[in-house]
Amino acid sequence: MASSPPTFSSKDAVVCRNVGKTWSAGTSRAHEALRGIDLDVKPNEFVVFLGPSGCGKSTLLYLIAGLEEATGGSIWSFSDKVETPSPERSLIFQETSLFPWLTVWENVSFGLSIRGASRAERRAVAEEALQRVGLKAAMEKRPDELSGGMRQRVAVARALAMRPKVLLMDEPFAALDVQTRARMQDFLLDVWRDSGASVLFVTHHIDEAVALADRVVVFTARPGRIKTIVPVDLPRPRDLFSREAEALRIELTDLLRDEVDRAFAEQEGLASVA
Ligand SMILES: Nc1ncnc2c1ncn2[C@@H]1O[C@H](COP(=O)(O)OP(=O)(O)OP(=O)(O)O)[C@@H](O)[C@H]1O
Ligand SMILES: [Mg+2]
């Protein structure tokens, strides 16, 4: 892609302008995942992505992380054009990818070792990040000695160790049971409040969107476009059993239903061609 001036007037945490992504563009396997995404995320805002399977939510996180290049439009983060990954933007994947042969604290500080930090420095940063996720006592353990929820907290600590301004989370709690997920949501809200970071969080769970979001971005079926953005004006801490929360769940369920039907129809069409 031709390089363009790296400045943008907005100080927003993330700015997407007409962003599109076609995988394998220009080949017979070309596959349009995203089209015309315009999105502004403010500093310290919590934004949730909701949309049918395959609509491009993960793709958009990869583009914002700088791990993949958009094939259309531009992305900025705090006025810098996003072209490569940056420690200011940390991505947490759905499946935790901790290194089993390293201890918890070594996993947490792994990104710092790439930057050349000393062992003592790395240990100090890891200790602080683990303290924030309530796992300081597990510093010397290995990932297979932890529960699924604890491993996800280590993944969050690893992201926090880089002191990101933007935390990108791709269905981070999907594999957890309902009770653990609720605990993790509360814990994430505490971490978010203390860190001042903006969070972009993908989920399939409408309950989770209502519990967490300042705004919910609802996507259409592929190619993913923004169907609508729903503000969540519920005071925090939230009463998820309130009439307002229930009304919001119904609204989001209705918005999603048509798109999920369309996505299934398309995927069945693809399967019958294959
Ligand atoms: N590396 C890739 N190469 C080619 N196509 C891809 C690649 N990654 C994703 N796709 C395709 O792009 C589309 C969007 O995928 P993406 O993973 O972003 O969807 P998603 O909204 O995250 O879905 P889910 O909710 O199931 O995780 C899908 O049709 C998928 O098949
Ligand atoms: Mg995904």
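A residue counts as near a molecule or strand when one of its heavy atoms lies within 4 Å of it. By that yardstick, 14 residues surround ligand 1, and the closest are H31, S53, G54, T59 and H204. The model is a predicted one, so to speak of conventions: local features need pLDDT of at least 70, side-chain atom pairs count only at pLDDT 80 or more, and totals for chains, interfaces and linings use all residues. Residues are numbered from 1 along each chain as its sequence is written, chains are lettered from A and ligands numbered from 1 in the order in which they are written, and side-chain values use heavy atoms, with hydrogens and water left out.

Three side chains make polar contacts with the ligand (pairs of N or O atoms within 3.5 Å; within protein, one must be able to donate a hydrogen and the other to accept it, and residues adjacent in sequence count only if both atoms are side-chain atoms). H31 puts a polar side-chain atom 2.7 Å from an oxygen atom of ligand 1, and H204 does likewise at 2.7 Å. For W23, the distance from a polar side-chain atom to a ligand oxygen is 3.3 Å. On its own, ligand 1 exposes 630 Å², and the protein buries 64% of that; accessible areas come from the Shrake-Rupley method with a 1.4 Å probe, and for residues only the protein chains shown count as cover.

As for the make-up of the shell, it splits into 4 nonpolar, 7 polar and 3 charged residues. Here Ala, Val, Leu, Ile, Met, Phe, Trp, Tyr, Cys and Pro are nonpolar, Asp, Glu, Lys and Arg are charged, and the others, Gly among them, are polar. Both β2 (31-41) and α1 (57-65) supply at least two shell residues each, with α1 giving the most, at 3. Helices (H or I, at least four residues) and strands (E, at least two) are DSSP runs numbered from the N terminus.

Helix α1 is mostly covered, with 7 of its 9 residues buried, that is, under 20% relative accessible area (exposed is over 50%, partly exposed in between; 1.4 Å probe, protein chains only). The buried set is K57, T59, L60, L61, L63, I64 and A65. Just past the helix, G66 takes a positive phi of about 85°.

Zooming out, the protein chain holds 8 helices and 10 strands. Buried residues make up 49% of its 274 residues.
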